[in-house]
Amino acid sequence: VSDAIEQFLAANAGDIKGRVLEMGDPAYIRKFGRGVTQEDVLNYVEGNPNATIVADLTDAPHIPDNTFDCIIITQTLQMIFEVDLAIATLHRILKPGGVVLCTSHGMTRVARREGVDDWGEYWHFTTQSKRRLFRAVFPRDHVQVSTVGNIFTCICNLHGLGAAEIDQSELDSHDPNFEMLVLVRA
């Protein structure tokens with residue numbers, strides 16, 4: 001999964017510029033950013049030394065409108081129950097002409113559980129659901145949704161195998177019926 005995320009971000013590296021927001025830590029900003037003038041890190045709870053902003057994306061009026069040129073949100077939306085509100089906030093805090101680069105699981109095991117982890121995991125997305133969610137707030141022709149995966153990579157992911165354990169030709173094969181990872185550029 002991480003290889004596919006990095007390929008997606010590398011393919012869109014030209015969008016990672018200006019003032020950029022990333023969830024949790026600035027690793028992808030630093031790896032793929034081109035002309036970043038300010039990096040910000042959002043964390044849901046206090047205590048993350050990387051965080052410049054502590055906020056709940058479903059209700060963050062303290063983050064000003066039109067603030068970021070790019071927002072990188074990888075493997076996060078599935079952990080937010082009110083995902084539609086979070087996407088609306090992403091749109092609100094993005095500058096006009098800015099870009100959100102978003103990845104989420106499609107077919108996968110449940111990774112977080114309420115009462116066991118700090119937060120739960122509520123959604124697994126498809127191209128159809130991501131397209132509808134993002135088009136509800138972003139202009140229709142500014143939402144590009146793609147997927148990565150095939151039956152073999154989905155099975156490997158369910159078994160916890162990493163990309164290094166799988167032949168590259170298997171990783172490169174794509175079957176739209178088996179969406180292991182759903183990618184959005186909005």
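The exercises below work through a predicted model, taking its sheet, its nonpolar cores, its largest pocket and a few loop residues in turn.

**Exercise 1. Trace the open sheet from edge to edge, and state which strands form its edges.**

Solution. Begin with the strand order, which for this open sheet of seven strands reads S3-S2-S1-S4-S5-S7-S6, with mixed pairing. Next, look for strands that pair on one side only: these are strand S3, residues 53-54, and strand S6, residues 144-148, and they are the edge strands. Then examine individual pairings within the sheet. S1 and strand S2, which covers residues 36-43, run parallel and are joined by six bridges, and across from Glu 22 stands Val 41 in S2. S4 and S5 likewise run parallel with six bridges between them, and here Cys 70 has Val 99 of S5 as its bridge partner.

**Exercise 2. Decide whether S5 is largely enclosed or largely open.**

Solution. The cut-off needed is that a residue counts as buried under 20% relative accessible area. By that criterion nine of the 12 residues of S5 are buried, and the strand is therefore largely enclosed by the rest of the structure.

**Exercise 3. Describe the largest nonpolar core, and identify which element gives the most to it.**

Solution. As background, nonpolar side chains in soluble globular proteins tend to be buried together. In this model the largest nonpolar core has 29 residues, and Ile 71, Leu 77, Val 100 and Phe 134 are those with the most contacts inside it. At least two residues of this core come from each of strand S1 (18-23), strand S4 (68-74), helix H3 (83-93), strand S5 (94-105) and strand S7 (181-185). The element that gives the most is H3, with five residues. To see the packing around one member, take Ile 71: leaving aside residues up to four places away in sequence, Ile 71 touches Leu 21, Met 23, Leu 90, Ile 93, Leu 94, Val 99, Val 100 and Leu 101. There is also a second, separate core of 16 residues, which includes Leu 9, Val 20, Phe 32 and Cys 70.

**Exercise 4. Characterise the largest pocket by its volume and its lining.**

Solution. Start with the volume, which is about 590 Å³. The pocket is lined by 20 residues, and those that lie nearest its centre are Tyr 44, Thr 76, Met 79, Ile 80 and Trp 119. Sorting the lining by chemical character then gives 11 nonpolar, six polar and three charged residues.

**Exercise 5. Compare Asn 66 and Gln 75 in backbone angle, and state for each whether the residue is buried or partly exposed.**

Solution. Recall that most residues other than glycine have a negative phi. Asn 66 has a positive phi, near 50 degrees, and Gln 75 also has a positive phi, near 50 degrees. Now place the two residues: Asn 66 is in the loop between S3 and S4, whereas Gln 75 lies in the loop between S4 and H3. Finally, apply the limits of under 20% for buried and over 50% for exposed, with partly exposed in between. Asn 66 counts as partly exposed because its relative accessibility is 43%, while Gln 75 is buried because its relative accessible area is 19%.

**Exercise 6. Locate Asp 167, and give its separation from Asp 69 in sequence and in space.**

Solution. Asp 167 sits in the loop between helix H5 (151-158) and helix H6 (168-172). With a relative accessible area of 49%, Asp 167 is partly exposed. Asp 167 and Asp 69 are 98 residues apart in sequence, and their C-alpha atoms are 36 Å apart in space.

Conventions
Residues are numbered from 1 along each chain as its sequence is written. This is a predicted model: local features need pLDDT of at least 70, side-chain atom pairs count only at pLDDT 80 or more; totals for chains, interfaces and linings use all residues. Side-chain values use heavy atoms; hydrogens and water are left out. On a 1 Å grid over the protein atoms alone, a cavity is a set of points where a 1.4 Å probe fits but cannot get out, and a pocket is an open set with protein on both sides within 12 Å along at least five of seven lines; lining residues have an atom within 4 Å of a point. Grid points are joined across faces, edges and corners, and a volume is the space filled by probe spheres set on the points. Ala, Val, Leu, Ile, Met, Phe, Trp, Tyr, Cys and Pro count as nonpolar, Asp, Glu, Lys and Arg as charged, and the others, Gly among them, as polar. A nonpolar core is a set of buried Ala, Val, Leu, Ile, Met, Phe, Trp, Tyr and Cys residues joined through side-chain atoms within 4.5 Å. Buried means under 20% relative accessible area, exposed over 50%, partly exposed in between (1.4 Å probe, protein chains only). Helices (H or I, at least four residues) and strands (E, at least two) are DSSP runs, numbered from the N terminus. Contact means heavy atoms within 4.5 Å. Two strands pair if DSSP finds at least two bridges between them.
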